[in-house]
Amino acid sequence: MNLTLYVWRQKDAKDSGGFEKYTDECKDISEHMSFLELLDVVNERLIEKGKMPIAFDSDCREGICGTCSMVINGRPHGPWKKTTACQLHMRAFKDGDVIYIEPWRAKSFPVLQDLMVDRKALDDIVQAGGYISTNCGSAPDANSVQIGKEIADAAMDAAACIGCGACVAACPNASAMLFTAAKISHMNTLPQGKPEAGKRTLDMVNAMDQAGFGNCSNHLECEAACPKDIKATVIAEMNRAYAKASLTKR
Amino acid sequence: MNLDAKIPEGPIAEKWENAKFSYKLVNPANKRKFDIIIVGSGLAGGSAAATLAELGYNVACFCYQDSPRRAHSIAAQGGINAAKNYQGDGDSVYRLFYDTVKGGDYRSREANVYRLAQVSRNIIDQATAMGVPFAREYGGTLANRSFGGAQVSRTFYARGQTGQQLLLGVYAGLSRQIKAGKVTMFTRHEMLEMVTHEGRAAGIVTRDMVSGKIESHAGHSVIMASGGYGNTFYLSTNAMGCNVTASYRAYKKGAGFANPCYTQIHPTCIPVSGEYQSKLTLMSESLRNDGRIWVPKNKEDCKKKPEQIPEEDRDYYLERKYPAFGNLVPRDVASRNAKLMCDEGRGVGATGFGVYLDFSDAIQRLGKKLVEERYGNLFEMYERITGDDPYSTPMKIYPAVHYTMGGLWVDYNLQSTVPGLFVLGEANFSDHGANRLGASALMQGLADGYFVIPYTLGNYLGSEKPEKISTDHAVFKEAEKSCKDRIEKLLAIDGKRTVDSFHKELGLIMWEHCGMARNESGLKKALELIPALREEFWSDVRVPGSGANLNQSLEKAGRVADFLEFGEIMCRDALTRDESCGGHFREEHQTEEGEAKRVDEKFSHAAVWEYKGEGNEPTRHEEPMTFEHVKFSSRSYK
Amino acid sequence: MSWFGKYIRSSVGAKHLMAISGLMLVGFVLAHMLGNLQIFKGQAAINAYAVQLKSLGGLLWIMRGGLVLAVLVHIFSAIRLSMLNSAARPVKYKKVKTDKSSFASRTMLWGGIIIVLFLVFHLAQLTLGGGPLQENFNLVDEFGRHDVYNMTVLGFKNVAVSASYIVAMLALCIHLSHGVTSLFQSLGLNHPKYNGMIAMAGPAIATLVLIGNCSMPIAVLAGWVKATV
């Protein structure tokens, strides 16, 4: 198939950037390619023409590392549900399609180059409290605390987050609440995480606010965009935990 | 080259205890005076960084990804082994040890493997304490499954993403130490050079992949946990960024490289669909429990739709050749047979490199619902990638490079031949011998990082009392200059071919001649092709842009340049290891049934390669492997 | 109390403020509607109800005070959050496709503005007695009570007044359909067992308010409820 791409090109964080149109480079595209392989092919052709290839993040290319990050025709990771950009395949498109590719857009995710953004803000949120403070060596036997299957499954549902930031990209307010809440829910749900639940919730929400993300107005676009199907109910859990911690924690 | 493995005294079960007692300790107040450099933030590097920081050392941790949470450990699906015997089915430390040595085809070090089996139990405790949501039974205890043909259920898992969950546990601990100021994390930093001073590891030189800045980092010790070299083949299940540069730079600075020819090929991956293919996706091995593997009996049928091929024209070759194990033969046997079928011209799919994995019998026998329960996620993933629905048409699979057992040589203390340089996880050679068992990679990475290095590093620092040199020292300045020169050189070539085109070509050479089955003439041919390709690379590669900012082509070029040298060592090692063992199959050494045949009297050793300078052939050394506890035997799956 | 300031300034605290003030306002809207629906019982009933309300004295002022506070908090938070949200994405997308957000969720701010404008008019007309229909405000019934019945009916007989009222109620309905469900989410009131019900609560209450409130102008315009003067 032949396609027309409009790709956001931006030299570095300071550059103002703009869209570039590509048509010659996107001819004879196989429907079996993944979306990132399309970009690989375009890049090979650009280099052969002596132009700079399109910079984009990707690593595992099997939908688990959370590195790839691009908004494809107005949707983070593109049109398929529960699918990262690397797992999106060109069967999703047809000959003659026009595709817009943009980076994640958020103040807290500054563009580094073209489609690559800096997601350090997500690390900062985890560093604020997304852990259980147990030193290596002091752990009790793993079966010493029983954890019901329902609880373990609920924690696992939240823990499935791959930290790609699609929730932020999809949110009309560029809010990181789904990401933050998923981590808080994962840890707070498990008995191991309970001793620090209040402090964790306060600290992580605080870090999220400090990073300059927007607020949640319950559009649920985050839930729709999440490649790992994290449910926005975790945000409600976080809201409850935050109120409890704010009102009771000394 | 000194290959003293420093195996502690005493009976095998007491060696680790004895060692820990004999190790020198570093006074708690003195730990903060030591600076440790860690390259890599996966299960091994991340857990080492967190644990050493908890102990009080100052840690600087480097990764090329934008966050330590993205290291490729994340992609492991199946699970992690541990000799907990929670199921009461007869597992023990000794049995895990025994299985691992045997599975490694008698090419690993017994003492190391025993320790691995011992600490495997602590890993589960530690990971659980860090909040890893392992699967549980309704009663609340941990669930286990049997994996990769093991006779006991010793595999712990978290849905199909055990690697991600374990890595997130490690990342959580690491994040805590970053917040506490004990770990300085350098993301989007690539190690380009290792620096030694008076024979000891003194630090590294890195490139900031965003600003392009070349920077030196000095420490009292350097820990390398930079993963495997599967991407030498271009196509593998590794992440796009996985590379051999860190290990290879260490090798060039005097660290011996052991058994580079040991690569593991995974039988159930989604086949290549075209030239544009950038990586291969693994489908869980569990599919072979219910799927039947076949190819058409007649070449002419290969282009037909599978539904059009009648039952009598299908060759269920694994069931035919191995009636006892059928479709459940070990990874290497399944892989090799798929290759044989395709080499006979009976492969299926667009490229002819694929075999069918058919679930129609299973669906008839178990019902679609049960099949969906067991494999629904995998079928969904397969359909997403290929567009075929496995419920109605057979899957197509083909083997792919998955894991590399070889790596930098280390002694019992995980120290390389360069004092002060320690190597953990897939980057070292130690525990899996010539073949790794399923669900053992995660175990080894975490064992090294959480439970071994914190003791052995202390011993090094406590007994050797290494000095840290300034980054202004001439050795750093020289290393920086050589990095800069190399970058300049790559940018200046301005040839016609892209970096990827060279990488793909190298991959094809490696896959053809140093892949699933190897032989003398093929390897010799590869040893001619690779240097020629390397020469072409250095005269005709085109790397656009500059080194002074983010430049993904330049990053790739540096890595491919190293793969182009490293591939040669792999072939050299494969050529000199004139036997078949584990993942290394030499066609000259097989039984009449086509099984791998070891030559124990000549090759019961680790082959360790020593760099001898530009243009010189590396020297091969041997560390003998002796087996006091596990008896030699050869496999049979008939 | 520094913790309290920190709490309400945080993103989650701000949601709680929105939700609690919203809850108070929804409560008012429902109570107000139930009171007004007495118009269908006739002049005597609704005028008596008005007197009863006024006789609450101090309590009425407390309720009014609470209401004003809720309105101010709701508006102030909305403005603050909108500004923060806008700042969180300085460069907008060229293309945006939405999947789960609704017309209601995307127009909360505009809905709110329409409601505020309506509120000004509504208060002027029916509580303070100002505006274009001033003469109706001074009506009294046979017992000398403020004739709420005729004031309302005469007001609604004016098509422009009824139309603007209905438009405002539509805006309120849309606002509530997202707002009510949303406040459960914001306050963290969820449970897998009840989440379906909660998702329905917004649209259900919003529809109820729309039908209840619009029934009055429609009944007047249709001549089912007639003025007695």
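**Exercise 1. Place a histidine**

His186(A) is buried, with a relative accessible area of 3%. The model is predicted. Find which element holds His186(A) and which residues His186(A) touches, leaving out those up to four places away in sequence.

*Solution.*
- Step 1: Apply the cut-off. Buried means under 20% relative accessible area. His186(A) has 3%, so it counts as buried.
- Step 2: Locate the residue. His186(A) sits in helix 5 of chain A, residues 177–189.
- Step 3: List the contacts. In chain A, His186(A) touches Ala155(A), Ala158(A) and Ala159(A). From chain B, Gly131(B) and Pro133(B) touch His186(A).

**Exercise 2. Describe chain A**

Set out the make-up of chain A: how many helices and strands are there, and what share of the residues is buried?

*Solution.*
- Step 1: Count elements. Chain A has 8 helices and 7 strands.
- Step 2: Take the extent. The C-alpha trace spans about 60 × 35 × 35 Å along its principal axes.
- Step 3: Check burial. Of the 250 residues in chain A, 66% are buried.
- Step 4: Look at contacts between residues at least 6 apart in sequence. In chain A, 68% of these join residues at least 24 apart.
- Step 5: Turn to the surface. Chain A exposes about 8,400 Å², with 49% supplied by carbon and sulfur atoms.
- Step 6: Compare charge positions. Chain A carries 29 positive and 32 negative charges, and their mean positions are 5 Å apart.

**Exercise 3. Analyse the contact of chains A and B**

Determine how many residues each chain gives to the contact and how many salt bridges lie between chain A and chain B.

*Solution.*
- Step 1: Count residues. Chain A gives 78 residues and chain B gives 72.
- Step 2: Read the area. The two chains bury about 6,200 Å² between them, 51% of it on carbon and sulfur atoms.
- Step 3: Name the top contributors. Asp59(A), Cys136(A) and Met156(A) supply 11% of the area that chain A buries against chain B, more than any other three residues.
- Step 4: Count charged pairs. There are 5 salt bridges between chain A and chain B. One of them pairs Asp141(A) with Lys84(B), at 3.0 Å from N to O.

**Exercise 4. Sort three salt bridges**

The structure holds 72 salt bridges over all chains. Work out what each of these pairs connects: Arg61(A) with Asp40(A), Lys100(C) with Glu223(A), and Asp600(B) with Arg107(B).

*Solution.*
- Step 1: Take Arg61(A) and Asp40(A). Their closest N and O atoms are 2.7 Å apart. Arg61(A) lies in the loop between helix 1 and strand 3 of chain A, and Asp40(A) in helix 1, so the pair ties together parts 21 residues apart in sequence. Both residues are buried.
- Step 2: Take Lys100(C) and Glu223(A). Their closest N and O atoms are 2.6 Å apart. Lys100(C) is in the loop between helix 4 and helix 5 of chain C, while Glu223(A) is in helix 7 of chain A, so this pair joins two chains. Lys100(C) is partly exposed at 40% relative accessibility. Glu223(A) is buried at 12%.
- Step 3: Take Asp600(B) and Arg107(B). Their closest N and O atoms are 2.9 Å apart. Asp600(B) lies in helix 17 of chain B and Arg107(B) in the loop between helix 4 and helix 5 of chain B, so the pair ties together parts 493 residues apart in sequence. Both residues are buried.
- Step 4: Widen the view. Asp600(B) and Arg107(B) belong to a network of salt bridges with Asp105(B), Arg577(B), Glu579(B) and Arg598(B).

Notes: Residues are numbered from 1 along each chain as its sequence is written. Chains are lettered from A and ligands numbered from 1 in the order in which they are written. This is a predicted model: local features need pLDDT of at least 70, side-chain atom pairs count only at pLDDT 80 or more; totals for chains, interfaces and linings use all residues. Side-chain values use heavy atoms; hydrogens and water are left out. Helices (H or I, at least four residues) and strands (E, at least two) are DSSP runs, numbered from the N terminus. Buried means under 20% relative accessible area, exposed over 50%, partly exposed in between (1.4 Å probe, protein chains only). Contact means heavy atoms within 4.5 Å. Accessible areas come from the Shrake-Rupley method with a 1.4 Å probe; for residues, only the protein chains shown count as cover. Lys and Arg count as positive and Asp and Glu as negative; His and the chain ends are not counted. The place of a charge is taken as NZ of Lys, CZ of Arg, CG of Asp or CD of Glu. A salt bridge is a side-chain nitrogen of Lys or Arg within 4 Å of a carboxyl oxygen of Asp or Glu. Buried area is the accessible area (1.4 Å probe) that two parts lose on being put together, summed over both.
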